[in-house]
Amino acid sequence: MAGTMNEVTGLYRRMAGACPAWQVRVLTEGRPGAGWVPAARFADSVDELVAGEAARIRERHGRAVPARVAGSRLLHHYLWSVGLLVGGPWYLAGLVPDLPAAAVWLEPATGELAVRVGGPAEHGDAGRVRAAVADHAQGVLAAFRPVLRRGERALWGMVTDDLISGVWHLGRMLGREEHAVRRAAELGGLAPMVGSADFRCLEVDGRPELTRTRVSCCLYYAIGPATPACLTCPRTGDAERVRRLAEG
């Protein structure tokens, strides 16, 4: 039996309560307001969207960055959020919402996302999650590609990474990290996705800590000296991961 619109909305509210880092405005009708750009129109507005991210980076870090860096950071933020819009309800209740490009928006000045919950969500497996995310991501990647100047493997690797890491993060915030890792491991590996989860354990002060290495880099390190590569970045070796995990 399909999940109702109210069930999906309730799952999104549960996710927002559990994950302070995941904040998406959830609508059941209409649009979020003037100035918001739907994903279906990203190609027409990508310069405005990237300029907004560059301005936020300059405000937070005091540094001007090239458009390809700002664009990579914004695309990572968007794909991680969208990955949870699909993967979160699947992880929590086995439901896979449809996510048409006309039902998700970005606010250029703030980077905030909004989603309009549509019809009922069907129950589905990991393959259905991958298909829904890939369907949505295809047009988004096409819109950002000219700015990022990155190849297909890097872009689809980011889609895979952000879908997997979103489910992992949600499970960790709910105190179910090992269970979330098992479910997230189902989500990679098949085209057009690139790469797999490949979770592994590191020993940190005598305790196991789960980690994985992303297929694609989000360029956080490129903002400046005060922004080191992420803990799961291909640029970060295991010795550095252990050191940073031990420091908390």
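1. In this predicted model, the lining of the second largest pocket draws at least two residues from helix 2 and at least two from helix 3. Helix 2 is the main contributor to this lining, giving five residues. The pocket holds about 200 Å³ of space.

2. The residues that line the second largest pocket are Glu-53, Arg-56, Ile-57, Arg-60, His-61, Arg-73, His-77, Thr-110, Gly-111, Glu-112, Tyr-220 and Ile-223. Sorted by class, this lining has five charged, four polar and three nonpolar residues.

3. How do helix 2 and helix 3 pack, that is, at what angle and with their axes how far apart? Helix 2 (residues 42–61) and helix 3 (residues 67–93) pack at an angle of about 100 degrees, and their axes are 8 Å apart. Helix 2 is therefore roughly perpendicular to helix 3. On the side of helix 2, the contact is made by Phe-42, Leu-49, Val-50, Glu-53, Ala-54, Arg-56 and Ile-57. On the side of helix 3, Ala-67, Ala-70, Gly-71, Arg-73, Leu-74 and Tyr-78 take part. The residues of this contact comprise nine nonpolar, three charged and one polar. Glu-53, Arg-56, Ile-57 and Arg-73 belong to this contact and also appear in the lining of the second largest pocket.

4. Helix 3 has a further packing partner in helix 1. The axes of these two helices come within 10 Å and cross at roughly 100 degrees, so helix 1 is roughly perpendicular to helix 3. From helix 1, Leu-11, Tyr-12, Arg-14 and Met-15 meet a set of residues in helix 3, namely Leu-84, Leu-85, Gly-88, Pro-89, Leu-92 and Ala-93. By class, the contact of helix 1 with helix 3 has eight nonpolar residues, one polar and one charged.

5. The largest pocket should be considered next. Its volume is about 780 Å³. Which of the 26 lining residues are the closest to the centre of this pocket? They are His-76, Trp-80, Arg-172, Cys-230 and Thr-232.

6. Two or more residues of the lining of the largest pocket come from each of helix 3, helix 5 (152–173), strand 8 (207–211) and helix 7 (238–246). Helix 3 gives the most, with five residues. The lining has 12 nonpolar, eight polar and six charged residues. Helix 3 thus takes part in the lining of the largest pocket and in that of the second largest pocket.

7. Aromatic pairs complete this note. Across the whole structure, a search finds four such pairs. One of them is formed by Tyr-12 and Trp-22, with 6.0 Å from centre to centre and 45 degrees between the planes, and it is tilted. Tyr-12 lies in helix 1 (residues 5–18), whereas Trp-22 lies in the loop between helix 1 and strand 1 (24–27). The two residues are 10 residues apart, and their pair links distant parts of the chain. Tyr-12 is also among the residues of helix 1 that meet helix 3.

Conventions
Residues numbered from 1 in each chain as written. Predicted model: local features only at pLDDT ≥ 70, side-chain atom pairs only at ≥ 80, totals over all residues. Heavy atoms only, no water. Axes fitted to C-alpha atoms, helices over the stretch in contact; angles between N-to-C directions. Helix = DSSP H or I, 4+ residues; strand = E, 2+ residues; numbered from the N terminus. Parallel < 35°, antiparallel > 145°, perpendicular 65-115°, else oblique. Contact = heavy atoms within 4.5 Å. Nonpolar A, V, L, I, M, F, W, Y, C, P; charged D, E, K, R; others polar. 1 Å grid on protein atoms, 1.4 Å probe; cavity = no way out; pocket = protein on both sides within 12 Å on 5 of 7 lines; lining within 4 Å. Points joined across faces, edges and corners; volume = space filled by probe spheres on them. Phe/Tyr/Trp six-rings, centres within 6.5 Å; stacked < 30°, edge-to-face > 60°.
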